Amino acid sequence: MSPVDRELESLVDGCRKGDRKRQQQVYERYYGKMMGLCMRYARDHAEAQDLLQEGFIKVFTKIEKYNRQGSFEGWIRRIIVNNAIDSFRRKKNDFVLTDSDYVLDLHHEPPEDEDTESRYGNIKADDIVAAIQKLSPAYRNVFNLYVVENYSHKEISEMLGISVGTSKSNLAKAKRNLRKILEKKYIR
């Protein structure tokens with residue numbers, strides 16, 4: 001067993017015993033990646049921070065269920081994503097799934113033959129995250145689950161309590177709106 005593996009084993013064992021120091025070390029070790037993940041599901045930094053805190057509470061309360069099969073980071077990631085989805089479900093009645101409020105109206109569509117890479121090659125990751133955050137919760141969640149987390153439309157429909165058709169429609173609208181948001185900033 002490598003020193004890294006031994007250290008991780010020690011952290012997991014400590015968390016299982018409720019050792020606050022070990023929990024803090026796990027939190028600090030995975031904070032950056034998991035905060036980035038939460039930012040993709042949240043409207044803003046404050047909501048992402050709430051999702052992250054709730055997610056880590058679940059990580060530490062469910063640590064006994066981690067069976068040491070697969071990556072610990074992957075296990076944490078799954079809990080954080082599921083927490084974000086649960087949060088969306090709880091707030092679902094506050095959102096409209098086909099909300100035209102989030103559809104941006106640009107007066108031009110890009111020409112079909114324009115080189116996509118040259119149009120979008122200078123976009124920064126932070127701008128993409130910011131653009132995703134401008135999507136409606138329904139569009140944002142379907143986009144993240146399908147594009148980032150690689151779930152199928154059937155899985156998304158079951159997770160979010162929507163039809164497969166709605167999942168596909170929301171994905172198409174999310175992509176269209178992201179394109180418009182990014183074009184507004186980068187394509188003049």
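This tour proceeds through a predicted model, one selection at a time.

**The whole chain**

Begin with the entire protein in a cartoon view. Its 188 residues include 41% that are buried. The secondary structure comprises 9 helices and 0 strands, so colouring by element gives the order α-α-α-α-α-α-α-α-α from the N terminus on. Of the contacts in the protein with a separation of 6 or more, 68% join residues 24 or more positions apart.

**Helix 2 against helix 4**

Select residues 20-41, which form helix 2, together with residues 72-91, which form helix 4. The two axes come within 10 Å and cross at roughly 40°. Because angles under 35 degrees count as roughly parallel and those from 65 to 115 as roughly perpendicular, helix 2 and helix 4 are described as oblique to each other. The crossing of helix 2 past helix 4 is right-handed.

Now display the side chains at this contact. On helix 2, select Val26, Tyr30, Lys33, Met34, Leu37, Cys38, Arg40 and Tyr41. On helix 4, select Phe72, Glu73, Ile76, Arg77, Ile80, Val81 and Ala84. Coloured by residue class, the contact of helix 2 with helix 4 shows 11 nonpolar residues, 4 charged ones and no polar ones.

**Helix 4 against helix 7**

Keep helix 4 displayed and add residues 137-148, which form helix 7. Here the axes are 11 Å apart, and the packing angle is about 155°. That angle makes helix 4 roughly antiparallel to helix 7, and helix 4 passes helix 7 in a left-handed crossing.

For the side chains, select Arg77, Val81, Ile85 and Phe88 on helix 4. Their counterparts on helix 7 are Pro137, Ala138, Asn141, Leu145 and Val148. The contact of helix 4 with helix 7 consists of 7 nonpolar residues, 1 polar residue and 1 charged residue. Arg77 and Val81 deserve a second look: these residues of helix 4 take part in the contact with helix 2 and also in the contact with helix 7.

**Two cysteines**

Next, select cysteine 15 and cysteine 38. Cysteine 15 has a relative accessible area of 2% and is buried. Cysteine 38, which belongs to the contact of helix 2 with helix 4, is likewise buried, at 1%. A search of the whole structure for disulfides finds 0.

**Two loop residues with positive phi**

Most residues other than glycine have a negative phi. Two exceptions may be visited in loops.

Select arginine 68, in the loop between helix 3 (45-61) and helix 4. Its phi is near 65°, a positive value in a residue other than glycine. Arginine 68 is partly exposed, with 28% relative accessibility.

Then move to asparagine 150, in the loop between helix 7 and helix 8 (153-160). The phi of asparagine 150 is also positive, near 65°. The relative accessible area of asparagine 150 is 63%, and this residue is therefore exposed, since the cut-off for that class is over 50%.

**Three stops within helices**

Select glutamine 53, which is found in helix 3. Is glutamine 53 buried or partly exposed? With 33% relative accessibility, glutamine 53 is partly exposed. Add tyrosine 31, 22 residues away along the chain, and draw the distance between the C-alpha atoms of the pair: the separation is 9.8 Å.

Continue to aspartate 127, in helix 6 (residues 125-133). Aspartate 127 has a relative accessible area of 14% and is buried, because the limit for that class is under 20%. Leaving aside neighbours within four places in sequence, the contacts of aspartate 127 are with Leu182, Lys185 and Tyr186. Leucine 182 lies 55 residues from aspartate 127 along the chain, while their C-alpha atoms are 7.9 Å apart.

End at serine 167, in helix 9 (residues 164-186). At 0% relative accessibility, serine 167 is buried. Which residues does serine 167 touch, not counting residues up to four places away in sequence? They are Val142, His153, Ile156 and Ile162. As a last selection, show alanine 138, a residue of helix 7 that also appears in the contact with helix 4. Alanine 138 is 29 residues from serine 167 along the chain, and the C-alpha atoms of the two are separated by 8.9 Å.

Note on methods:
Residues are numbered from 1 along each chain as its sequence is written. This is a predicted model: local features need pLDDT of at least 70, side-chain atom pairs count only at pLDDT 80 or more; totals for chains, interfaces and linings use all residues. Side-chain values use heavy atoms; hydrogens and water are left out. A disulfide is a pair of cysteine sulfur atoms within 2.5 Å. Buried means under 20% relative accessible area, exposed over 50%, partly exposed in between (1.4 Å probe, protein chains only). Axes are lines fitted to C-alpha atoms, for helices over the stretch in contact, and angles run from 0 to 180 degrees between N-to-C directions. Helices (H or I, at least four residues) and strands (E, at least two) are DSSP runs, numbered from the N terminus. Angles under 35 degrees count as roughly parallel, over 145 as roughly antiparallel, 65 to 115 as roughly perpendicular and the rest as oblique. A crossing is left-handed if the near helix is turned anticlockwise from the far one by less than a right angle, and right-handed if clockwise. Contact means heavy atoms within 4.5 Å. Ala, Val, Leu, Ile, Met, Phe, Trp, Tyr, Cys and Pro count as nonpolar, Asp, Glu, Lys and Arg as charged, and the others, Gly among them, as polar.
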